[in-house]
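Here are a few friendly notes to read with the model open beside you. Take them one at a time and find each place as you go.

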Amino acid sequence: MADMSFAGLSYEQVIAKYNQTVVAVCVMRLKNWADAEDCFQNTFISLYKNSPTFSDEAHLKAWLIRVAINECNSYIRKNKKFLSFDDRKDTSVDFPYDTSDMSWALVELEPKYRDVLYLYYCEKYKIDEIAEILSHNPNTVKTLLKRGREKLKSIYGGDGI
Amino acid sequence: MNNINFDSLTNIKAPEAWIENALNIPSTVEKKKPLLFFKHSRAIAAVACLVLVSVVSITIYLKHDRLVVPIDPNYTETLASVCNDATDATSDKNETSSNQENTVVLETQPYELIEPTEGGSPNSQKPTQKPIVGPTLPNDPPENTEPSQPQFEVPTEAASHPKPPTPTVAPTVVPQDPTNTQPPIDPPPCIEPSDPSWEVPTVSPTEAPPSPSEPEFGSISFSAQIRTSLVSGDNLVYCSVYDSNNHLIGDSNLYSAQHKAYIIGYSDGKAILSYRLPDGLITEHGTYSYYFYNRYGETLYYNTKTI
């Protein structure tokens, strides 16, 4: 473990630096702590097992986000038949309603808009970078971003975004 | 964006337990070791394909080269018939003689497989030989022959003969009753001879074997299998037969029509050669050597045959 390095960071340093990003992606996607934990762990297991080579930390962060999204998608797909709203109520994530903090509205969006808005506003990625992470065309990302804003506005009922 | 933000989402903290578990992943999860195979998978796959193709090619080549085609005992008859047809096509004989030769070949074919030592002198009983006993023999040719039919049909063992009044006896069987006035050998079942004398039995049970000056052997065939590549483009193959004293049997011109052999078929990369020695050229038992050669004199096949 000591000799593992990811873009100049050790495995522990990667966890310490990027755990928040991975948690945010998982929680935003699954809206459930228990499910998010599984995907969180799987993301770092994948990092450790595959030990990919990263050119820089930006590449490492983009890889973690991409893997976390994929893990969440796989988790949802695998557990589609077994998920129950009642069972998940205990561990569901609730973002408080706030007029300035729009997190609660963001998680209500469709996943395709949610991912783009999250990466653009929370992770401060550019259009091209989002397109690379999500394997989309930049124009598609622009479209998703525009429509996502409109949908988010319709959810929280105001303007300003 | 004016006043709104996503702080709740961006500032979300991972529970300590999650981080601890993530830190313990290296001790619990066995790291996947990169295999050399995956790094050079394309090169290895290419080499593997090359090796596979080479092995398969060599295997097929060797298998093809060593394949031996078993010759069915009945195959000799087929070869002889085909060869005889080819001979007829190229010979300059008149039609009548060709018909007679056809008859000879077809009728004598079963007798070639009989050992001469068995049953006395089976060759002396060949119905194909010219009749040596004339009107003194008790049997006359059948009356209902059809002289207008110029050519004999190929005799088949399964065919029944409507004419002979006596039960059919195997041609090689010598009648046990010496007083029997019936000819010892029935003519082949389906033969409709144009010449009535052909129906006359050649040997009576009490008759002595033919004199040595007469031909004891019918036409004898020699066959061989050689690789197709040895056959030249013109497909001209010849065969010469030598006796134990290394004397040439037949025409001294090794490229005459008498020495012409035929390619009667191909089987698994091998050409099947057949040569039929004309009647009467071999009159003694012994070991004969025969050569198949092309028009350039190159020996294609050599073997000996005991007759």
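1. A word on terms before we start: helices and strands here are DSSP runs, a helix having at least four residues and a strand at least two, and they are numbered from the N terminus. With that in hand you can find B:Asp234, which sits in the loop between strand 1 (220-227) and strand 2 (237-242) of chain B. Please keep in mind throughout that this is a predicted model.

2. Stay with B:Asp234 for a moment. Is B:Asp234 buried or exposed? A residue counts as exposed if 12 or fewer other C-beta atoms lie within 10 Å of its own, and B:Asp234 has 8, so it is exposed. Now look for B:Arg295: the two residues are 61 apart in sequence, yet their C-alpha atoms are 9.1 Å apart in space.

3. Next, compare how the two chains are built. Chain A has eight helices and zero strands, while chain B has seven helices and seven strands. Along its sequence, chain B runs α-α-α-α-α-α-α-β-β-β-β-β-β-β. Buried residues account for 37% of the 161 residues in chain A and for 23% of the 307 residues in chain B.

4. Contacts tell you something about each chain as well. Take the contacts between residues at least 6 apart in sequence: in chain A, 63% of them join residues at least 24 apart. In chain B, the matching value is 69%.

5. Where do the chains touch? The contact takes 29 residues from chain A and 23 residues from chain B. On the chain A side, the elements that give two or more residues are helix 1 (11-30), helix 2 (33-50), helix 5 (103-106) and helix 6 (111-122). Helix 1 of chain A supplies the largest share, nine residues. By class, this side of chain A has 18 nonpolar, seven polar and four charged residues.

6. One helix pair across the two chains is worth finding. The axes of helix 2 of chain A and helix 2 (residues 16-23) of chain B come within 9 Å and cross at roughly 30 degrees. Angles under 35 degrees count as roughly parallel, so helix 2 of chain A is roughly parallel to helix 2 of chain B. The crossing of these two helices is right-handed. A:Glu37, A:Phe40, A:Gln41 and A:Phe44 of the chain A helix meet B:Trp18, B:Asn21 and B:Ala22 of the chain B helix. The residues of this contact divide into four nonpolar, two polar and one charged.

7. For contrast, try a pair inside chain A. Helix 6 and helix 8 (residues 138-156) of chain A pack at an angle of about 100 degrees, with their axes 8 Å apart. That angle makes helix 6 of chain A roughly perpendicular to helix 8 of chain A. Helix 6 brings A:Lys112, A:Tyr113, A:Val116, A:Leu117 and A:Tyr120 to the contact, and among the residues from helix 8 are A:Val141, A:Leu144 and A:Leu145. In this contact of helix 6 with helix 8, eight residues are nonpolar, one is polar and three are charged.

8. Go back to helix 1 of chain A. Why can helix 1 of chain A be called largely enclosed by the rest of the structure? Because 14 of its 20 residues are buried. This helix also has a kink of about 55 degrees, centred on A:Tyr18. Within helix 1 of chain A you will find A:Val14, which is buried, with 24 other C-beta atoms within 10 Å. Leaving aside neighbours within four places in sequence, A:Val14 is in contact with A:Phe6, A:Leu9, A:Leu47 and A:Leu60. The C-alpha atoms of A:Val14 and A:Phe44 are separated by 9.2 Å, although the residues are 30 apart along the chain.

9. Last, some backbone angles to check. Most residues other than glycine have a negative phi. A:Lys31, just after helix 1 of chain A, takes a positive phi of about 50 degrees. A:Ser51 has a phi near 45 degrees and lies in the loop between helix 2 and helix 3 (57-78) of chain A. A:Ser51 is partly exposed, with 15 other C-beta atoms within 10 Å. In chain B, B:Asn246 has a phi near 65 degrees, and its place is in the loop between strand 2 and strand 3 (248-249). B:Asn246 counts as exposed, with 7 C-beta neighbours inside 10 Å.

Methods
Residues are numbered from 1 along each chain as its sequence is written. Chains are lettered from A and ligands numbered from 1 in the order in which they are written. This is a predicted model: local features need pLDDT of at least 70, side-chain atom pairs count only at pLDDT 80 or more; totals for chains, interfaces and linings use all residues. Two residues are in contact if their C-beta atoms, placed from the backbone, lie within 7 Å. Ala, Val, Leu, Ile, Met, Phe, Trp, Tyr, Cys and Pro count as nonpolar, Asp, Glu, Lys and Arg as charged, and the others, Gly among them, as polar. Axes are lines fitted to C-alpha atoms, for helices over the stretch in contact, and angles run from 0 to 180 degrees between N-to-C directions. Angles under 35 degrees count as roughly parallel, over 145 as roughly antiparallel, 65 to 115 as roughly perpendicular and the rest as oblique. The bend at a residue is the angle between axes fitted to the seven residues ending there and the seven starting there. A crossing is left-handed if the near helix is turned anticlockwise from the far one by less than a right angle, and right-handed if clockwise.
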